[in-house]
Amino acid sequence: MKGQGSYVPPPYVPLDQSDSEAEIAPRNDEPPSRSQDPAQWSSGICACCDDMQSCCIGLVCPCFLFGKNAEVLGSGTLVGSCMTHFILWGLVNGLCCLLTDGILLGLPGSLVACYACGYRRALRTKYNLQEAPCGDLVTHLFCHLCAICQEHREIRERSGNSTPSDLKLSVVTAPPVQTMEAVAED
């Protein structure tokens, strides 16, 4: 993220090229077109420490962060997307773990990854981003919480709002100290 960390993601190398082929590939002097030259993400998939607030919210309540991302992308309401994520991730994951003694623990993760990769694809299309670090489905399948946080950081960075009002914690101040004094009787 600009101004908050020094992390710069590595350059994108297509899967069908090696690092050395990408360096040798001739460069065109034409201006980059939207479909040819996708932009890099503003932060890496594991750059959660650059934004501790969204990282903590994504860890404790990922359905809220997912719902906020979906709401910004115009793909639904906060409540609808949040509840769908909660049902797929929380309830189904918990039930599969409890009912099968942990044997089917990975099944709900694949269900939510199938659901969430569509939103990641919509985000990449909207901002012309690379499909990095791997495909959308694989990213959400193996790094779901990190992917949600990365998507939130990207939306916030691209919208120009470095401190989103919906994630700000409210400041609570204590009332002034009150004392009681005895009234003199006349």
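Partly exposed, as used in these legends, means a relative accessible area that falls between the buried class, under 20%, and the exposed class, over 50%. Keep in mind that this is a predicted model.

**View 1. P38 sits in a loop and meets a far stretch of the chain.**
Here we're looking at the loop between α1 (19–24) and α2 (52–60), which is where P38 lies. With a relative accessible area of 23%, P38 comes out as partly exposed. Leaving aside residues up to four places away in sequence, P38 touches N128, L129 and Q130. T125 is worth picking out too: it is 87 residues from P38 along the chain, yet the two C-alpha atoms are separated by 9.4 Å.

**View 2. F66 and Y119 pair up across distant parts of the chain.**
The structure holds three aromatic pairs. In the one shown here, the ring centres of F66 and Y119 are 5.0 Å apart and the planes meet at 80°, so the pair is edge-to-face. F66 belongs to helix α3 (residues 62–72) and Y119 to helix α5 (residues 106–127), with their positions 53 residues apart in the chain. Are these two rings buried or exposed? F66 counts as buried, at 1% relative accessibility. Y119 also counts as buried, at 13%.

**View 3. Y115 joins Y119 in another aromatic pair.**
Staying with Y119, we now bring in Y115: the two rings are 5.5 Å centre to centre, with 70° between the planes, and this pair is edge-to-face. Both residues are in helix α5, and because they are four residues apart there, about one helical turn separates them. Y115 is partly exposed, with a relative accessible area of 23%, whereas Y119 is buried at 13%. Put the ring pairs together and you get a cluster of F66, Y115 and Y119.

**View 4. A nonpolar patch on the surface includes F86.**
Which residues make this nonpolar surface patch? They are V79, M83, F86, I87 and L91, and the patch covers about 440 Å². Take F86 as the example: this residue is found in helix α4 (residues 78–99). Its relative accessible area is 36%, so F86 is partly exposed. That value also fits the patch rule, because patch residues need over 30% relative accessible area.

Methods
Residues are numbered from 1 along each chain as its sequence is written. This is a predicted model: local features need pLDDT of at least 70, side-chain atom pairs count only at pLDDT 80 or more; totals for chains, interfaces and linings use all residues. Side-chain values use heavy atoms; hydrogens and water are left out. Patches are made of residues with over 30% relative accessible area and no salt bridge: like charges are joined within 9 Å, nonpolar side chains (Val, Leu, Ile, Met, Phe, Trp, Tyr) within 5 Å. Accessible areas come from the Shrake-Rupley method with a 1.4 Å probe; for residues, only the protein chains shown count as cover. A salt bridge is a side-chain nitrogen of Lys or Arg within 4 Å of a carboxyl oxygen of Asp or Glu. Helices (H or I, at least four residues) and strands (E, at least two) are DSSP runs, numbered from the N terminus. Buried means under 20% relative accessible area, exposed over 50%, partly exposed in between (1.4 Å probe, protein chains only). Contact means heavy atoms within 4.5 Å. Rings of Phe, Tyr and Trp (its six-membered ring) pair if their centres lie within 6.5 Å; planes under 30 degrees apart count as stacked, over 60 as edge-to-face and the rest as tilted.
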